[in-house]
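Dear colleague,

I am passing on the structure below, together with some notes on what came out of going through it. Please keep it open beside the text while you read.

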2 protein chains.
Amino acid sequence: MRRGGFVRQAVEDAARATFVERGFEGTSVDEIARRAGVSKPTIYAHFGGKSELFVHILESYCARLLTPILDSAADDRTLEEVLRDFARGYTRIVLDREVVALHRLFVSEAQRFPELGRRYYDAGPQSVHDELARFFNRRIALGELREVDPQRLAEQFSGLLLTPIRLKMLFAVIDESDSETVGLYCETAIDLFLSGVSRSRRRG
Amino acid sequence: MRRGGFVRQAVEDAARATFVERGFEGTSVDEIARRAGVSKPTIYAHFGGKSELFVHILESYCARLLTPILDSAADDRTLEEVLRDFARGYTRIVLDREVVALHRLFVSEAQRFPELGRRYYDAGPQSVHDELARFFNRRIALGELREVDPQRLAEQFSGLLLTPIRLKMLFAVIDESDSETVGLYCETAIDLFLSGVSRSRRRG
DNA sequence: GTCTATATGAAGATAGAC
DNA sequence: GTCTATCTTCATATAGAC
């Protein structure tokens, strides 16, 4: 029915949508074919099989993840400004409905395709943590941050920032995140991260 | 083959193990029957069908989740002591291999069984956050904590504490959490939560 | 390269004997 | 209550025509 190089793209789009909705086992090649407007043998000719198609889809998604989030010109701004921009940008990307759905898909299939789980962690969370850790490192050198392991710091800031909302989305407690609520969580996260919540200070 | 009241228990155990390993779609009633040492019609007689069995298994898991984690006699101890005990106890429970596997299962099937996802969130994370928020509230009243929304504070402390390690387990980056590493993350989390990481103080 | 048609197997579910 | 045997449906995958 469809012709030329559009076929691959159509199959990939249909496959991504269906896998995200139904998971690997819940998705049939029949349905992908139907949604892409092609026949089953076409899919087998192009991608080999269901598993290979699945890996291909998620692998290309991972490849697209490696986008820098921190502004490279961040070094002449205050710690709080940079963190705020980062928090806004990162949450806007990561708490998007479809991104969370893909996140869920990777969680679901990390057992069946362990190399895919690791790949996603490296290309997604890990690469952001690395970027953030390098930034923290510079600010530690400048004496703005205490000398805490920057990698662990990055992981924990990320957890602090994303988890409360993402958890609710993952369990279908909320359908999507409205930017007002996200903003609140961002501010609390930054405040907590920089100053803690204790009234009685424990150091000078 | 098996007789009496043991049958239900055997089926439930086999079902939980298989669902956790393979997910809902990846699990066949045949395999549950084989692992439980019973025949398929026995399972249908007891539980109705595959979906009902799945819901039953996860629902009873949720019912068992509602265990208080915070020591009720916590009020005569320092904030830091209570948080440390909480962090140790909570991570020991939640970062267990099988608990993470069940967490993954709820994430995976929260679309197909939305009421189950909500039920898990309420009985698990939410109930812990509630408990923690009540504790924070008392410490705010005592003037030990700044006046921040205690519910949001609880969610963010939880994310700060659990996410770095749980994320790696969910994506099969690490197989399990060793208690030494968990201890490190606990200490950093508590320190961060109480005092932040900024060297230049922003308030009195 | 893409289709129609089909082979082959496995899944969920049930009938009927004991 | 539990079994053996079977029904029905739908899955992945492929053969062969165009």
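The contact between the two chains draws 48 residues from chain B and 48 residues from chain A, and I should say at once that this is a predicted model. On the side of chain B that touches chain A, at least two residues each are supplied by α1 (6-26), α6 (97-109), α7, α8 and α9 (179-195) of chain B. Of the helices there, α8(B) gives the most to that side, with eleven residues. Sorted by class, the side of chain B that touches chain A holds 23 nonpolar, 14 polar and eleven charged residues.

How are the two copies related? A turn of 180° with a shift of 0.0 Å along the axis lays chain B on chain A with an RMSD of 0.0 Å, and this is therefore the relation of a two-fold axis. The same surface serves both copies, since 100% of the contact residues of chain B recur in chain A.

Turning to the single chain, chain A has nine helices and zero strands, so that from the N terminus on its elements read α-α-α-α-α-α-α-α-α. The C-alpha trace of chain A spans about 70 × 35 × 30 Å along its principal axes, and 39% of the 204 residues of chain A count as buried. If one takes the contacts in chain A between residues at least 6 apart in sequence, 63% of them join residues at least 24 apart.

Two pairs of packed helices are described next, one from each chain. In general, two packed helices are described by the angle between their axes and the distance between the axes.

In chain A, helix α4 (residues 50-65) and helix α7 (residues 114-141) pack at an angle of about 15°, with their axes 8 Å apart. Angles under 35 degrees count as roughly parallel, which makes α4(A) roughly parallel to α7(A). The crossing of α4(A) and α7(A) is left-handed. To this contact α4(A) brings V55(A), L58(A), E59(A), C62(A) and L65(A), while α7(A) brings L116(A), R119(A), Y120(A), A123(A) and G124(A). By class, the contact of α4(A) with α7(A) comprises seven nonpolar, one polar and two charged residues.

In chain B, helix α7 (residues 114-141) packs against helix α8 (residues 150-170) at an angle of about 120°, with the axes 8 Å apart, and α7(B) and α8(B) are therefore oblique to each other. The crossing of α7(B) and α8(B) is right-handed. Among the residues that make this contact are P125(B), V128(B), L132(B) and F136(B) of α7(B), and P150(B), L153(B), A154(B) and F157(B) of α8(B). The residues of the contact of α7(B) with α8(B) divide into ten nonpolar, four polar and one charged.

One residue is worth finding in the view as well. R97(A) lies in helix α6 (residues 97-109) of chain A; is R97(A) buried or exposed? A residue counts as exposed if 12 or fewer other C-beta atoms lie within 10 Å of its own, and R97(A), with 11 C-beta neighbours inside 10 Å, therefore counts as exposed. R97(A) and S177(A) are 80 residues apart along the chain, yet their C-alpha atoms are separated by 7.9 Å.

With best wishes

Technical notes:
Residues numbered from 1 in each chain as written. Chains lettered and ligands numbered in written order. Predicted model: local features only at pLDDT ≥ 70, side-chain atom pairs only at ≥ 80, totals over all residues. Axes fitted to C-alpha atoms, helices over the stretch in contact; angles between N-to-C directions. Helix = DSSP H or I, 4+ residues; strand = E, 2+ residues; numbered from the N terminus. Parallel < 35°, antiparallel > 145°, perpendicular 65-115°, else oblique. Left-handed = near helix turned anticlockwise from the far one by under 90°. Contact = placed C-beta atoms within 7 Å. Nonpolar A, V, L, I, M, F, W, Y, C, P; charged D, E, K, R; others polar. Least-squares fit on C-alpha atoms with pLDDT ≥ 70 in both. Buried ≥ 20, exposed ≤ 12 C-beta atoms within 10 Å, placed from the backbone.
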